[in-house]
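Biologist: Can you walk me through this model? Start with whatever I need to know about how contacts are counted.

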Amino acid sequence: MIKSFSKTIMLVIGMWATLAVPVVAQEKTLVMAMSATPKGFDPDIWVPGQIEAAVNLYEGLTRYGTRTGGNGKPEVDPSKIEPHLAESWTVSPDGKTYLFKLKKGVRSPFGNELTSQDIVWTYEKSAVQKRTGQFMRTAARIDKVEAISKYEVRYTLSDANRIFLGALTLHLPAIFDSVEAKKHATPEDPYATKWLALNTAGFGPYHLQTLQGGQQAVFVVNPNYAFKKPYFTRMVWREVPSPATRVALIRTGQVQYAEQIPFQQLTALRADNSVKVESVPGFGGATVRMNPRYPPFDKVKVRQAVAYATDYAAIGEAVFLGQGTRSRSMLNSPIAGAVSAYKYETDYNKAKQLLSEAGYPNGVDVTLEYSTNWWWEEPLVLQMQASMAKAGIRVTPKRIPSTEMLARRTINVWTVPFLTHLTSSFVPDPSYNMFLTAHCRGSSNVNANCDAAMDKLIDASVVERDQKRWLALLEQAQNLQADSATFVETFLPGTHEVFAACMKGYVWKPHNRLVWKDLTCAS
Amino acid sequence: MGETGARIAKFLLVRVAVSVPVILGIVFLTFMLIRVGGQDPVAMLAGPMADEAMLTALRAQLQLDQPLLLQFANYLFRLVQGDLGVSWQGGIPVWGEILHLFPATLELVLLSVGLAALIGVPIGLRAATHPNGWFDQLSRFGSLAGFSMPTYWMGLMAILVFFYILRWAPPPMGRLSMEVVAPTVVTGSLLLDCILAGDWQALGSALAHLALPVACFTLLAAAPMIKQSRAILIEIMNSDYVRYARANGFSKATIRKMALRNAATPLLTFLGMELTSLLAAAALVEYIFSLSGLGQWGLNAILLGDFAVVQGYVLTLALFSVFIFMVIDLIVMLLEPRR
Amino acid sequence: MSAEAATPSHWLAYPLGLARRSPTFVVGLGIVLFFLGLALLAPVIAPFNPTQSFSYEVLQAPGGRFFFGSDGNGMDVLSRVIHGSRYAFGIAVPAGLIMVGIGLPLGLLAGYKGGWLDEALLRTLDVLRAFPTIILALAVVAATGQSLVSMVVVIGLLDSPIFARVVRAEVLTLRSSTFVKAAIAVGNPSWRVMWVHILPNAILGATAQLPMRMAWAVRISATLAFIGVGIQAPTPEWGAMIRQGAEYVITGEWWVALFPGLALMTLVLGFNLLGDGLTDLLDPKRRGVGK
């Protein structure tokens, strides 16, 4: 009797175990409808799709902390920087030397452990490539990166600055598994850039499995990932170029995520029970920029007239469907130190008055050039055309190819007099943002915004260590920018991600791309 | 047999010789056209953090600052060695991608044109035997739908009705269902590879995914076929020698055979032309249904200024067109020995 | 067979007779004339300015103020469709004129004179045949700037060789016809033969092609606009409207793409019917020209 009873128990346990094990090891796949397959994975070389993939493949020494937001959901706290791949660090009193202790036992999918050699190798590679990685290094004022011991790295900065720790949260310069990468180095290509362009070797949560150009890319979870294992173990990135088709796919449940959905369709999607739309204001602002090197924008009164002749309410309704947040300055919350510096409101009489004071009593003809980089460009331009006309500013919209726009708005080229642009960046640091956007040497300065006083303020704020003085500098800079009126600040378009209804766990990150490891779908 | 062989050889030689300047002309035209506009891919390549110095350096590195004719000469030089350059988005070699993607486009176009011919030609011929009768009028009105509807419009409507509303068609995101494993690549054509591997499940999935795009495309291609075959047959029926044959009392069946035989040549020629012109239109269908064919890639490249890809794409289409014309003309020549 | 003997007694007899002989012609003509009327009267009959943006009434369903609804920029779809016919004709007519202006003399000369001119024309046709037309149009328009004028010129130029070939075919047929041979035998100089005997008949034969080519011009400009080249916003061109509207179909705002789509289809249909009808009417059987 007892024998058969224990036998039965064993049988039941045995059955349960054989059934349970496959359940536990079952693969969870997330299918994404994306506009194009990624054309490359080396974060130093930008190609379409690269950033969206790289933020999930490569991680940094630090990360941002989270807090509970106003709506009860977790959100990023830009003032808190926590250890990630580095488990701790010390900083010298002058703020110029940081000593990082790396977390032990962090392994890549190839099985190699993270050591200080990987960090040093990364910076050497970026220095050779002289692209985005190198830019980040310069922006964070990193002078030297040295391996002190197997798990210790020392950073020497040329100036103590506030950007540095935030820059280390980024996926670039990417921390590569240099042991694996070096296997693919050649004498002409000592840093394996060719291999790294189409393959991945990092310490992040995911890893490229296959890439079929034009069709799909498949990413699998890094089995040696040092942190909480992601829910989705397999990500299928499918190329679906037509936005209408992407909408059809997510609404019918064929995919669980669809990228770049036109804003005006979000209203219908929000009403659809099979779809979940997560909206975050973010801090990127849709702006119209004026290049002071081209008349009539060389006169500050003309620029201010443009700011007064903008119908902000109409833009908010027609372009952003009442769902955008009004931009109050070149910096917006959640960036620290943002103030309401942009005080312009619609006032056609004032605009006309300023115009005639500037020498244009009969109005002026201008061409507003835009491209297709962002969905709001064309509707915004058309609204500008309509409202400017009421103040005598006759706007001709002109759409140009995106490559032409990219080329002409580059630093020191600056041949676009009047254009649309999104103010944004990867790092929610105010000095960094102002540097990128409004400093004469900033790479997102697309309209020749070169004012010596402004540059001084920005440079000072980057190295200012006293909190009160720093906030005062920020406020000064924002007010100066608003007075110069080279930017017309409209709204924050926000970030809107479209998922299947079951999706949970989405947290917006400052690099503004979807992070896969946070997502769960309890269906 | 030897004499026919000699004729064929001579024909081919002359044709190839004549085609070379034609292809050259097309390559030259494309090369110049895409460089003349405002497209400047260097900025895209240099990345968002670039400055003017980087742009200038990249331009020099890619030889884009040299005079256009010199650039063209360099391109030709590499072309004859089989090097079509690389796509600026990720450094992917153009030639490899063309080989990889072209079979998908061919599949779509050949299936559609084949179906369109099978449906359209008989309809047109029948309409021609009773001109202005009810069948004729009906077929004309019906075929005009294929003439008037823009391709992309038809595609989107088809997705809306047959996928979104009725759920009959599979999701338009690729050539195979996600669960189905693709067969090993032998020819590059998914359908052929499935048949070769005996993988019937994959074949079924591939056919299902091709159903809507082929249907749209067939509708588009059938319209001119109906119209043209009707016009050709009518003209033959009214020609002198058919009238003479009728006057001489030949049976209707004999006359019909005669007419059809004479219709074969212009019909074949027309078919060839349709095939080549539809090859370019396939790009839009591929875009809407995410079929990842050559057209989708080429279209994207044109809009982004990816010069090498555009040149490769146009060259492929042009070579294919020339090839088709050559084949058709060869068949015509063999069918009409008295020429 | 004199025209006088067939003079109708009732003023409606002629058009009715025409209708009986070719209903397609009449229907096609009717459609084309309808849209032409829309184009000419657009500023008068359109309820609103086609580029006026009603910022607070974006994507309104048809009914009420906006008979066909409003689009993504708050502009009235009905007014834009009506004004769109201006652009359709504004593209089709000049493109057609360019095509005839270049293609007709080319085809005449090539067909009549033959020789190197004929060879050159045939070779150019070969190049164009092998060149994917849409791609060519795309590249040229992208290269020469995003304007209406460049698009019209490109379309006209692309069509010319095709038109020239049709004319050439007509000329070749006519050249070997009895009455032309007779005219030459009698001693007419070649210029006179071309001008008096061949030209009018060639034009008649080629005329039927004209509406087809114009239909193609409208369609290809719409396709180009869909891809995003050729027309600047907020021009009320049907292709550009369909481009914007195509996205909304799946989320239920069907009116933005449907109405311009219907207009485009109907006008292209009308042109095709007109061409078909002309072919019917000008059929050699009824021309009575020496055959």
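Modeller: Two residues are in contact if their C-beta atoms, placed from the backbone, lie within 7 Å. Keep in mind that this is a predicted model.

Biologist: How many residues do chain B and chain A put into their contact?

Modeller: Chain B gives 37 residues and chain A gives 38 residues.

Biologist: Which elements of chain B supply at least two residues there?

Modeller: On the side of chain B that touches chain A, they are α2 (41-46), α3 (52-61), α5 (94-129), α7, α11 (252-289) and α12 (294-304).

Biologist: And what is that side like by class?

Modeller: The side of chain B that touches chain A has 22 nonpolar, 11 polar and 4 charged residues.

Biologist: Now chains A and C. How many residues from each?

Modeller: That contact takes 20 residues from chain A and 19 residues from chain C. On the chain A side, α13(A) gives the most, with 5 residues. Elements that each supply at least two residues include α8 (243-251), α11 (312-318) and β16 (393-399) of chain A. By class, the side of chain A that touches chain C has 13 nonpolar, 3 polar and 4 charged residues.

Biologist: Back to chain B. How do α7(B) and α9(B) cross?

Modeller: Helix α7 (residues 151-165) and helix α9 (residues 200-237) of chain B have axes that come within 10 Å and cross at roughly 140°. The two helices are therefore oblique to each other. The crossing of α7(B) past α9(B) is right-handed.

Biologist: Which residues meet there?

Modeller: From α7(B), they are Thr151(B), Met154(B), Gly155(B), Ala158(B) and Phe162(B). They meet Leu212(B), Ala215(B), Cys216(B), Leu219(B) and Leu220(B) of α9(B). By class, this contact of α7(B) with α9(B) has 8 nonpolar, 2 polar and no charged residues.

Biologist: What about the largest nonpolar core? Which members touch the most others?

Modeller: That core has 314 residues, and Met32(A), Ile91(C), Ile155(C) and Val218(C) touch the most other members. The largest share of this core, 18 residues, comes from α9(B).

Biologist: Leave out its neighbours within four places in sequence. What is Met32(A) in contact with?

Modeller: Met235(A), Val236(A), Trp237(A), Arg238(A), Val255(A), Tyr257(A) and Glu259(A). Apart from the largest core lies another core, of 13 residues, among them Ile400(A), Met405(A), Met44(B) and Met54(B).

Biologist: New topic, backbone oddities. Where are the cis peptide bonds you'd point out?

Modeller: One joins Leu172(A) and Pro173(A), with omega about -5°. Pro173(A) sits in the loop between α5 (163-167) and α6 (178-182) of chain A. Another cis bond runs from Pro295(A) to Pro296(A), with omega near 0°. Pro296(A) is in the loop between β13 (285-290) and α10 (300-308) of chain A.

Biologist: Why flag those, or a positive phi?

Modeller: Most residues other than glycine have a negative phi, and most peptide bonds are trans.

Biologist: So what is the phi of Leu321(A)?

Modeller: Near 50°, a positive value in a residue other than glycine. Leu321(A) lies in the loop between α11 and β14 (325-326) of chain A.

Biologist: And Ala448(A), where is that?

Modeller: In the loop between α15 (430-438) and α16 (452-463) of chain A. Ala448(A) has a positive phi of about 55° although it is not a glycine.

Biologist: Is Ala448(A) buried or exposed?

Modeller: Ala448(A) is buried, because 22 other C-beta atoms lie within 10 Å and the cut-off is 20 or more. Leu321(A) is partly exposed, with 15 other C-beta atoms within 10 Å.

Key: Residues numbered from 1 in each chain as written. Chains lettered and ligands numbered in written order. Predicted model: local features only at pLDDT ≥ 70, side-chain atom pairs only at ≥ 80, totals over all residues. Axes fitted to C-alpha atoms, helices over the stretch in contact; angles between N-to-C directions. Helix = DSSP H or I, 4+ residues; strand = E, 2+ residues; numbered from the N terminus. Parallel < 35°, antiparallel > 145°, perpendicular 65-115°, else oblique. Left-handed = near helix turned anticlockwise from the far one by under 90°. Nonpolar A, V, L, I, M, F, W, Y, C, P; charged D, E, K, R; others polar. Core = buried A, V, L, I, M, F, W, Y, C linked by C-beta atoms within 7 Å. Buried ≥ 20, exposed ≤ 12 C-beta atoms within 10 Å, placed from the backbone.
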